[in-house]
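Here are some notes for your reading of this model, with attention to charged side chains and to one helix. Please keep the structure open alongside the numbered points.

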Amino acid sequence: MTDPRTVVVRYVEAVRDGDAETVRASFAEDATWHYPGDLPISRVWRGHEAIIDDFLGGLGPLLVPGSMEIELLGTIAEGVRVVAEWTSRARTVHGTAYDNRCAGVFTVRDGRIASVVEYTDTRHVAATLFPDRAAPA
């Protein structure tokens, strides 16, 4: 499966379903993921292992196990670029509800995700996942 839209949909569904093997296989070895803001997770993550193990995997300890729900709302594809919109919901270890709407611009190369630029409500991320860093309202 090398169709860019299919690659991105398969990836999001694998995250939703907890299919770690498919998540890992979805990324090119030299992939990048740009996460916005000034949070501990905000940066350009470089490389397959950093994205999967450090960025995506690093969020796990902040969430109540088994509470994550992902819903793909839609995709728009043009050539190798796919824009996906999804919601992420979970209970955090801080006792708050994480409920965020996200969009990502994915670039697919040779059937694997080569880059992602994510757009999300980083203030909500700060308040729910990093409450000690959240700015006052």
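1. Glutamate 49 counts as partly exposed, because its relative accessibility of 40% falls between the 20% limit for buried and the 50% limit for exposed residues. Please bear in mind that this is a predicted model, and that the value is computed from its atoms.

2. The side chain of glutamate 49 meets that of arginine 24 in a salt bridge, with N and O 3.2 Å apart. This pair links distant parts of the chain, since glutamate 49 belongs to helix H3 and arginine 24 to helix H2, 25 residues apart. Arginine 24 is itself partly exposed, at a relative accessible area of 31%.

3. A salt bridge also joins the side chains of arginine 24 and aspartate 53, with an N to O distance of 2.7 Å. Because arginine 24 sits in helix H2 and aspartate 53 in helix H3, the pair ties together parts of the chain that are 29 residues apart in sequence. Aspartate 53 is likewise partly exposed, its relative accessible area being 36%.

4. Which residue does arginine 109 pair with in a salt bridge? The partner is aspartate 30, and the closest N and O atoms of the two lie 2.5 Å apart. Arginine 109 is in strand E5 (residues 97–109) and aspartate 30 is in strand E1, so this salt bridge ties together parts that are 79 residues apart in sequence. With a relative accessible area of 38%, arginine 109 counts as partly exposed.

5. Taken as a group, Arg24, Glu49 and Asp53 are joined into one network by salt bridges that share partners. The structure holds 7 salt bridges, and those described above are among them.

6. Helix H3, which contributes glutamate 49 and aspartate 53, also has a buried set of residues, made up of His48, Ala50, Ile51, Ile52, Phe55 and Leu59. These buried residues pack against helix H2 (20–25) and helix H4 (122–129), and also against strands E1 (27–35), E2 (43–46) and E6 (112–119).

7. Does the length of helix H3 agree or disagree with the span expected for its residues? At 1.5 Å a residue, the 12 residues of the helix (residues 48–59) should span 16 Å, and the C-alpha atoms at its ends are 16 Å apart, so the two values agree.

How values were computed: Residues numbered from 1 in each chain as written. Predicted model: local features only at pLDDT ≥ 70, side-chain atom pairs only at ≥ 80, totals over all residues. Heavy atoms only, no water. Helix = DSSP H or I, 4+ residues; strand = E, 2+ residues; numbered from the N terminus. Expected span 1.5 Å × (residues − 1). Buried < 20%, exposed > 50% of the residue type's maximum accessible area, 1.4 Å probe, protein only. Contact = heavy atoms within 4.5 Å. Salt bridge = Lys/Arg side-chain N within 4 Å of Asp/Glu carboxyl O.
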